[in-house]
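Got the viewer open? Let's take a walk through the pockets and then stop at a sheet.

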Amino acid sequence: MTLSNHRLEQLEKAFSGLKQEFAKRNPLSLKASQEAARALPGGNTRSVLFYEPFPLTMVSGQGAEVRDLDGHTYIDFVGEFSAGLYGHSDPIIKQAIIEALECGIVLAAPNVLEARLAEAVQARFPSMERLRFCNSGTEANILALVTARQVTGRSKILVFDGAYHGGVLVFSKGGNPINIPFDYVIAPYNDYEATRSLIQAHKDDLACVIVEPILGAAGNIPAERSFLEMLREETAKVGALLIFDEVKTSRCGAGGIQGQIGLTPDLTTLGKYLGGGLSSGAFGGRADIMDRFDPHRPDAFRHAGTFNNNVCSMAAGLAGLTRVFTPERADAFLVECEAFRVRLNDEMVARKVPLRFTGQGSLFTMHLSPNGIRTAADVTPTSRRVGQFFHMYALLNGVAIASRGDFYQSLPMTDAHRQTLRNVLVSFVDEYAELLKALVDQEIRAAA
Ligand code: PMP
């Protein structure tokens, strides 16, 4: 047996021990997932929520904590993959939804909430000179892409390896057979030369470049500011649109990453927390592009959608953006969350443990790597496995994180919640530091 197999087997053995313990502790979740499988394939309707041996079924949430069917309580660092910004019981959000419900929920007409929410979004993201609502981040991206293709009269879409723009726009881990069959050009993230030459090579057919300012599903890998600036310059030169998918990153400060770096994309997409925790999405940008949706025009693009302006999402989103996640709160939240992420990294460095937390502020991912992660290809299968291993370890210690090793902080989170996660992490590295170091040493040797 090679050293490498020996170490990986050690990891798998420890992992399966944790999974057995997990199964023993959660009989009701197991039963629920078996029953769900009678109607839902594998008992699942959201692929991202599945993990082995079976996912926990949650029954309730309060503040920044959730409770499962078997009665365990967890600090919620899954944070609904960033949509759970407000936590589970924000009184202002709840009240807004109740008021909306009391006024009738299917009015089939414009309501006053949608225009006010649109203005609130516009004030936060001035690049969104006009916008439209839809039901999800996936929908927002699909609409931005088809709009870009139509207004440019071109067909190709440049995306980044490792990107996730929705259930049918997956470019991580080999993509997805049910992706929308657009004509994609796939570029490596943060790779200036390769990306620039792909833009040049396809310049006559390129409708747009779509980019997440932090590559989320691949492990919350931030784009370098100058990389995003390069995309702005190069797309402008060839007449392709630049689309910022800020579905997740729009919560990084008052105006998202575009606000932080002062960059104006042609189109932006939003979702996740936008509806206050209810389903919602938005796409918008340059007025000359978005005004093509103006129904007064004889040649208007049509974009219907029964629930685009549903009153509950509009009310919750408006209350959230204007009364809870105000610009001041958003900036302060970024600072507080970023300090925690930096602290976790500092502790790993001090303990000489090869784990790093990439991302920004409230969005971050654990990687097995002593160095930086710059692009999706830097994330090794072993690193992903260690993230899953820690997920199981954390669950057994009362902390829920996303099963792929992502963490999302929420507004009701306290220092005590963060300290608990930090303590669980420290006990994990106390137990497994030697194994983690050996795994990294092997990867470095294998790559050399
Ligand atoms: N874009 C990004 C960057 C995302 O992270 C997600 C969801 N994880 C989406 C788009 C799709 O959003 P939704 O799940 O609301 O369709």
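## Between the domains

Start by colouring domain 1 (3-88 + 327-447) and domain 2 (91-324) separately: both of them contribute residues to the lining of the second largest pocket, so that pocket lies between them. Keep in mind as you click around that this is a predicted model.

The second largest pocket holds about 1000 Å³ of space. It has 46 lining residues, and if you want to centre the view, select Arg46, Leu49, Met58, Val78 and Glu80, which are the closest to its centre. Next, show the elements that give two or more residues to this lining: helix 2 (27-36), strand 1 (58-62), helix 3 (91-102) and helix 12. Strand 1 supplies the largest share, 4 residues. Now colour the lining of the second largest pocket by class, and you should get 24 nonpolar, 17 polar and 5 charged residues.

## On to the largest pocket

Where does the largest pocket lie relative to domain 1 and domain 2? Domain 1 (3-88 + 327-447) and domain 2 (91-324) each give residues to its lining, so the largest pocket lies between them.

Here you have about 1400 Å³ of space. Select Arg46, Val48, Phe81, Tyr164 and Arg404 to land in the right spot: of the 47 residues lining the largest pocket, these lie nearest its centre. The elements giving two or more residues to that lining are helix 1 (3-25), helix 5 (137-152) and helix 12 (381-396). Give helix 12 its own colour, since you'll want to find it again: it gives the most to the lining of the largest pocket, with 5 residues, and it is also among the elements that give two or more residues to the lining of the second largest pocket.

Try the class colouring again on the largest pocket. This time the lining comes out as 14 nonpolar, 21 polar and 12 charged residues.

Arg46 deserves a label of its own. It is one of the residues nearest the centre of the largest pocket, and it is also one of the closest to the centre of the second largest pocket.

## Last stop: the sheet

Go back to strand 1 and bring in its sheet. This is an open sheet of 4 strands in the order 1-2-3-15, with mixed pairing. Why do strand 1 and strand 15 (399-400) each have one side without a neighbour in the sheet? They stand at the edges, each with a single partner strand, so one side of each is left free of a neighbour there.

Zoom in on strand 1 and strand 2 (residues 65-68), which pair in the antiparallel sense over 4 bridges. To finish, select serine 60 and look across: arginine 67 in strand 2 stands opposite.

How values were computed: Residues numbered from 1 in each chain as written. Predicted model: local features only at pLDDT ≥ 70, side-chain atom pairs only at ≥ 80, totals over all residues. Heavy atoms only, no water. 1 Å grid on protein atoms, 1.4 Å probe; cavity = no way out; pocket = protein on both sides within 12 Å on 5 of 7 lines; lining within 4 Å. Points joined across faces, edges and corners; volume = space filled by probe spheres on them. Nonpolar A, V, L, I, M, F, W, Y, C, P; charged D, E, K, R; others polar. Domains from an automatic or database assignment. Pairing = 2+ DSSP bridges.
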